[in-house]
Amino acid sequence: MRVIVTGGAGFIGSNLIRLLLQQSDICILNIDKLIFQGCYHTIREFDTFPQSRYSFSQTDICEYALLNHLFNDFKPDAVLHLAAESHVDRSIDDPESFIQTNIFGTYNLLKISRNYWKRLDENGKKAFRFHHISTDEVFGSLEKNDRPFRESTPYAPNSPYSASKASADHLVRAWHHTYGLPVTLSNCSNNYGPCQYPDKLIPLMITKAINGEPLPVYGDGLNIRDWLYVEDHACALLEILKHGRIGESYNVGGNCEKSNIEVVNMICNLLDELMPDSPNKPHKNLVTFVRDRPGHDQRYAMDTEKIRNEIGWTPKYNFSGGLRNTVTWYMKNLDWCNAVKYKQYDGKRLGLQQL
Ligand SMILES: NC(=O)c1ccc[n+]([C@@H]2O[C@H](COP(=O)([O-])OP(=O)(O)OC[C@H]3O[C@@H](n4cnc5c(N)ncnc54)[C@H](O)[C@@H]3O)[C@@H](O)[C@H]2O)c1
């Protein structure tokens, strides 16, 4: 099987490619614009695979001609579309690139995929898949006692990021409904694990705590997210690619709701244990509550019955094990954290977390 992965230099994309290279014989073309400075560090390890298994192209998914050429040259059996602008704070400060990449870029990919798919023979047409990776944030915000989001929950995105992802989801559905393109979708909750860019909550708190810097927590710290270890998400994507029903969307989540302050306290406790000689112990003393993000969603939670019953996927990692792996990885890879930075961000809000 030949698969194009868009956004494969990013956090989830790079973990997905690692899994596909190690646990399948799928041949991969990774298409990524490399919006983070130094992010070549993330995918350098894949260069050890022969070019027949893995190749990379630094390309913007908004570039029609280049993308079209890559499709015709590589001849994919499937597309796993992860490329996106993904930082809620950046989407609030500067929504333009989110509209461009997340909506127009997805449209571009759909247009090229459809033209390519139309030219395949009947077997190729049947086997082809376009899988779109999306987020639980498209469903909006839950109150404390609300039932978790289901696949049928109406969309109610609240931030420019989630609105742009919701738009992309709708385009993908429409390309199936109108043109018959064989698509699947998944909406996943918050991921954590190795190689997440250090402006997101968990890596931000780990790296700041190690350096003895204040740990900025939005508002009262009681916003709730569902957390999933990134390797579990990658496994879910592989299973959906193999067994997902065309035209369907699947919720993916860890069944692990935690408030932000709970997560930060767990990180601090782990660092106290793993760095017994740190002058910053107890790390909890570094916590500082800061002004809340505008329009901050209160709670996300996912009902994952459909993927469990239809595909048989459940997460393998529990939160304490996954978080221990993550903290340990960042302690050993501080050089990676210093090397990767978002290229275009003006830093206005840098230092606060994205959720
Ligand atoms: N991180 C999460 O918790 C989470 C949860 C659910 C869904 N998602 C979705 O998963 C996908 C990947 O998220 P992530 O956390 O790995 O994000 P990330 O920001 O780490 O990676 C995104 C990648 O896309 C690339 N990219 C951005 N614009 C591009 C463009 N115009 N052309 C080509 N490449 C481009 C970037 O260079 C980057 O490598 C996104 O679609 C996101 O919406 C993420």
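1. Let me start with strand E11, residues 249-252, in this predicted model. Both of its faces are covered. Ser249 and Asn251 are buried on one side, and Tyr250 and Val252 are buried on the other. That split fits a general pattern: in a regular strand, side chains alternate between the two faces of the sheet.

2. Which strand pairs with E11, and in what sense? The partner is strand E7, residues 183-188, and the two run parallel over 4 bridges. If you want a place to look, find tyrosine 250 of E11, which has serine 186 opposite it.

3. Stepping back to the whole sheet, 7 strands make up an open arrangement, ordered E4-E2-E1-E5-E6-E7-E11, with parallel pairing. The edges are strand E4 (54-58) and E11, each of which pairs on one side only. From one strand to the next, the twist averages 20°.

4. At the E4 edge, strand E2 (residues 27-32) pairs with E4 in the parallel sense, over 5 bridges. Here leucine 29 sits opposite serine 55 of E4. Helix H3, residues 64-74, packs on the sheet and touches strand E1 (2-6), E2 and E4. The direction of H3 makes about 175° with that of E2.

5. Now for helix H8, residues 201-210. Is H8 mostly enclosed or open, and why? The helix is largely enclosed by the rest of the structure, because 8 of its 10 residues are buried. The buried set consists of Leu201, Ile202, Pro203, Leu204, Met205, Ile206, Lys208 and Ala209. You may like to note that a lysine, Lys208, is among them.

6. What covers those buried residues of H8? The cover includes two strands, E8 (190-192) and E9 (215-218). It also includes three helices: H10 (260-274), H12 (319-332) and H13 (334-339). After H8 comes glycine 212, with a positive phi near 70°.

7. The ligand is probably where you will want to spend some time. There are 30 residues around it, and those that come nearest are Gly7, Gly10, Phe11, Lys33 and Ala84. Sorted by class, the shell holds 15 nonpolar, 10 polar and 5 charged residues.

8. Where in the fold does this shell come from? Helix H1 (11-23), helix H5 (96-118), strand E6 (129-135) and strand E8 each supply at least two of its residues. H1 gives the most, with 3 residues. Strand E8 thus appears twice in this note: it contributes to the ligand shell, and it is part of what covers the buried residues of H8.

Definitions and conventions: Residues numbered from 1 in each chain as written. Predicted model: local features only at pLDDT ≥ 70, side-chain atom pairs only at ≥ 80, totals over all residues. Buried ≥ 20, exposed ≤ 12 C-beta atoms within 10 Å, placed from the backbone. Contact = placed C-beta atoms within 7 Å. Pairing = 2+ DSSP bridges. Near = placed C-beta within 6 Å. Nonpolar A, V, L, I, M, F, W, Y, C, P; charged D, E, K, R; others polar. Axes fitted to C-alpha atoms, helices over the stretch in contact; angles between N-to-C directions.
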